[in-house]
Amino acid sequence: MSRTSPPRHPASRRPRAADPARLAIKGGSAGGWTVLAALARTDVFAAGISRYGVGDARALAAASHGFEAHYLDGLIGPLPEAEEVYRERSPLTHIEGFDVPVLLLQGSDDPVVPPSQAEAIRDALAAHGVPHAYVRYEGEGHGFRRAETIVHALETELAFLGQVFGFETPGIPPVTLT
């Protein structure tokens, strides 16, 4: 018995294209690493938002705790044998590739991806003149839990995108890019 697809709406047959000047990427944790890696190594996106993202795999391996202490061994390889792979895959190694605005959101008490990861990216972006903003949420860990943090983070993301892409965000405080 064969299955057939429902008929497609005529509008779905039209080619779709995104405005490359308004294409952003967002992710958290490993998704934050993806954001940073995509910004460092491609020219696809016009802005990026990284929530508690990994910027330096080698530093993360050195700082990992307990259960996750050898997590990267399976993903990248054991150290010191895979040192070059860690270096090559780390967005911080390719900071010269960043040329679009970046928003970094980080919890101060993150035991999985410590604030030093976001701060290293922040410092490297500043040294290379890349527009960016860094927001550190005191008392937050890996993933934001408090309602006020979640609301602030979402409003900050909206304000960031509004500033970068040129649209108004009434009632939302602006983000200062440095």
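**View A. The largest nonpolar core of the predicted model**. This core has 17 residues. Those with the most contacts inside it are Leu36, Leu39, Phe98, Val102, Leu104 and Leu125. Three elements, α1 (30–41), β3 (102–107) and α5 (115–127), each give two or more residues to the core. The most come from α1, which gives five residues.

**View B. The surroundings of Val102**. Val102 is one of the residues with the most contacts inside the largest core. Neighbours within four places in sequence are left aside here. Val102 then contacts Leu36, Leu39 and Leu125. Gly48 and Phe160 are also in contact with Val102. The contact list further includes Pro131, His132 and Ala133.

**View C. Another nonpolar core**. Apart from the largest core lies another, of 16 residues. Among its residues are Ala46, Ala47, Tyr52 and Phe160. Phe160 also appears in View B, as a contact of Val102.

**View D. Tyr52, a residue with positive phi**. Tyr52 sits in the loop between β2 (47–51) and α2 (57–63). Its phi is about 40 degrees, a positive value, although Tyr52 is not a glycine. Is Tyr52 buried or exposed? Tyr52 counts as buried because its relative accessible area is 12%, and the cut-off for buried is under 20%. Tyr52 is also among the residues of the core of 16.

**View E. Ser29, in the loop before α1**. Ser29 lies between β1 (24–28) and α1. Phi of Ser29 is near 60 degrees. That is a positive value in a residue other than glycine.

Definitions and conventions. Residues are numbered from 1 along each chain as its sequence is written. This is a predicted model: local features need pLDDT of at least 70, side-chain atom pairs count only at pLDDT 80 or more; totals for chains, interfaces and linings use all residues. Side-chain values use heavy atoms; hydrogens and water are left out. A nonpolar core is a set of buried Ala, Val, Leu, Ile, Met, Phe, Trp, Tyr and Cys residues joined through side-chain atoms within 4.5 Å. Buried means under 20% relative accessible area, exposed over 50%, partly exposed in between (1.4 Å probe, protein chains only). Helices (H or I, at least four residues) and strands (E, at least two) are DSSP runs, numbered from the N terminus. Contact means heavy atoms within 4.5 Å.
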